[in-house]
Amino acid sequence: MTITQYRSQWQGPELRAAARHLGRRRFLTLTAAAAALAFAVDLPAAGAAAAATLDAARIDVFPFTLGVASGDPLPDSVVLWTRLAPAPYQPDGGLPAQPVDVDWEMALDESFAVPVAKGTETAHPEFHHTVHAEVRGLDAGRVYYYRFRTGTWLSPTGRTRTAPAADAVAPALTFAAVSCQAYTDGYFTAHRHLSEDDVDLVFHLGDYIYEYAVDAAGGARKYTDRTLPALFDHETGTLDDYRLRYALYRTDADLQAAHAMHPFVVTWDDHETENNYAGSIPENAVPPDQFLIRRAAAYRAYWENQPLRMPQLPVGPDARLYRRLFWGRLAQFDVLDTRQYRSDQAYGDGKHIPGPESEDPARTMTGAAQEAWLLDGWKTSTARWNVVPQQVCFSQRKMDLNAVAEVSMDAWDGYPASRRRVLDGAKAAGVENLMVLSGDVHVAYAFDIKDDFDDPASRTLGTEIVATSIASGQNGTEKPSNWTTYTTANPHLKFYDGRRGYVTVSLTDARARADFKTVPYVTTPGAPISTAASFVTEAGAPGLRRV
């Protein structure tokens, strides 16, 4: 999709007609919500209407303050990202509302002695001077180095890689899974360690930013060497708010280091918009049509600040974030969105025993279209491993020892019919090596996915690896107060650790290995990292074994 095609989606006759009638309506309809944002926020103009391009030589302050990133690697392509922001904590980023030309280049070596590709992208003010360069024509399965240039300024160098060819028998793959990085809860030390880890790519499973206020001291970071501007000290709600929050997070040096060293594949959870929203239904008593305007702002800022391709560019409050990637014939990754299309949480959200409301077969976590896409993709999959990066805990997680235990209404436990359809689809498709990646809960789990979670002797259908948080929850502890209850109530739960960190997964044709890596603290910088536990599951014989 080009900018022109995107503009036509926003500015079609239906949206123009809706916009003309907004003033006569007390509440917006869902269609009008999209129109409202479309006409409240400019899009890159074309022809005579376009603003004159800014002479980059006039930029007199270093503009690459938010670093560089890459993502969504294909066999012949990768997305390169940066943003021009000489003053990142200002709403305009320190630039006038004019487009700026940004050059990019790629090479086989860090010194750029062997260049392989170059080009120029326009950083549009309407997209907050972000750059998404979809570089094509690259060799499969190769490491590349990249950088950007505008005027006299040169960006930091990034390192990325392409996926193996579609029919390649890739011998191995190592990826990391991360989630939940509340700035106010501590330092992103785990990202610094991740930048030094030997992984091929990183899956970010959501809660990249949090909407909550950030005080002058950065919350639990307790800054003494800086004072954050007051514009961060309120909950995000507008497009400017969300853009500024990404600017705050992306000025973190540890996060920048991880992005510079590895390509990321990202998906959102709730806090990129609002805590525990479900589809068009907000957490608080706000009309859904009004909430969709907030969601549209959040989705747009998300796309602007992530290494995503044009098909993921939002149209109003909607964005097609679910997508499929491959690593040769070794792995198929079906990246899900479990927020945008889900039914509202049952029983008012929170913890609750299962009941008619949560067990309604019409309820969905993914929406019908995404569910069909997932199951159809499994039917045609030839990959050794079928991996599902998504947001919330997939396996059953009883929270007490009662005969009928409470479970989370926000996780898949609150949508059991939806989970049943997914598992039945995996069985029908003959998926032998299923792995689900999850985040959200600020702890590390390792689950055997059972055909019947209430019967420990039932067939094991796959593995769920839950990545703990980067910072959310502050320092954490190895064995939280509910550790004994959870491990007793859930015999399919093979590992539980409450510290911060991330997980790496290594895949070969024969087995998968998960290494859970933790840091002892995040409220002060510089924590060391260690491996808390390692597990393997054999191809064709699912079931976790500690090693």
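This report describes confidence, helix packing, nonpolar cores and selected residues in one predicted protein model.

## Model and confidence

The model is predicted, and residues are numbered from 1 along each chain as its sequence is written. Local features need pLDDT of at least 70, side-chain atom pairs count only at pLDDT 80 or more, totals for chains, interfaces and linings use all residues, and side-chain values use heavy atoms, with hydrogens and water left out.

The pLDDT (the predictor's confidence in each residue, from 0 to 100) averages 93 over the protein, and 91% of the residues score at least 70. Residues 4-30 have a pLDDT under 50. For this stretch the model has 46 contacts beyond four places in sequence, where contact means heavy atoms within 4.5 Å. Where pLDDT is low, the predicted coordinates should not be read in detail.

## Two packed helices

Helices (H or I, at least four residues) and strands (E, at least two) are DSSP runs, numbered from the N terminus. Two packed helices are described by the angle between their axes and the distance between the axes. Axes are lines fitted to C-alpha atoms, for helices over the stretch in contact, and angles run from 0 to 180 degrees between N-to-C directions.

Helix α5 covers residues 239-250 and helix α7 covers residues 288-304. The two pack at an angle of about 35°, and their axes are 8 Å apart. On the α5 side the contact is made by L239, Y242, R243 and Y246. These meet R294, A297, A298, R300, A301, Y302 and E304 in α7. By type, the residues of this contact are seven nonpolar, no polar and four charged. Here Ala, Val, Leu, Ile, Met, Phe, Trp, Tyr, Cys and Pro count as nonpolar, Asp, Glu, Lys and Arg as charged, and the others, Gly among them, as polar.

The crossing of α5 and α7 is right-handed. A crossing is right-handed if the near helix is turned clockwise from the far one by less than a right angle, and left-handed if anticlockwise.

## Nonpolar cores

In soluble globular proteins, nonpolar side chains tend to be buried together. A nonpolar core is a set of buried Ala, Val, Leu, Ile, Met, Phe, Trp, Tyr and Cys residues joined through side-chain atoms within 4.5 Å. Buried means under 20% relative accessible area, exposed over 50%, and partly exposed in between (1.4 Å probe, protein chains only).

The largest nonpolar core has 46 residues, of which Y183, L194 and Y249 touch the most other members. Two or more residues of this core come from each of β9 (172-178), α4 (189-195), α5, α6 (253-261), β11 (264-266) and α7. Helix α7 gives the largest share, seven residues. Beyond four places in sequence, L194 touches A176, V178, V199, V202, A258, H262 and Y502. A second, separate core has 34 residues, including L201, F495, V503 and F535.

## Buried and partly exposed alanines

The table gives the C-alpha separation of four alanines from a partner residue.

| Residue | Partner | Apart in sequence | C-alpha separation |
|---|---|---|---|
| A446 | F535 | 89 residues | 8.4 Å |
| A69 | H259 | 190 residues | 4.9 Å |
| A278 | A510 | 232 residues | 39 Å |
| A216 | I470 | 254 residues | 21 Å |

A446 is part of strand β18 (residues 444-450). A446 counts as buried because its relative accessibility is 0%. Apart from neighbours within four places in sequence, A446 is in contact with E464, H492, L493, K494, F495, F516 and L544.

A69 belongs to strand β1 (residues 68-74) and, at 0% relative accessibility, is buried. Residues up to four places away in sequence aside, A69 touches V79, L80, W81, Y146, R250, H259 and P307.

A278 sits in the loop between β11 and α7. With a relative accessible area of 1%, A278 is buried. Its contacts beyond four places in sequence are R339, R342, S343, D344 and Q345.

A216 is in the loop between β10 (201-204) and α5. A216 is partly exposed, because its relative accessible area is 36%. Beyond four places in sequence, A216 is in contact with R226, T227 and L228.

## Positive phi values

Most residues other than glycine have a negative phi, and most peptide bonds are trans. H442, which is not a glycine, has a positive phi of about 65°. H442 lies in the loop between β17 (434-438) and β18 and is partly exposed, with a relative accessible area of 24%. Q474 also has a positive phi, near 60°. Q474 lies in the loop between β19 (460-466) and β20 (476-477), and at 34% relative accessibility Q474 is partly exposed.
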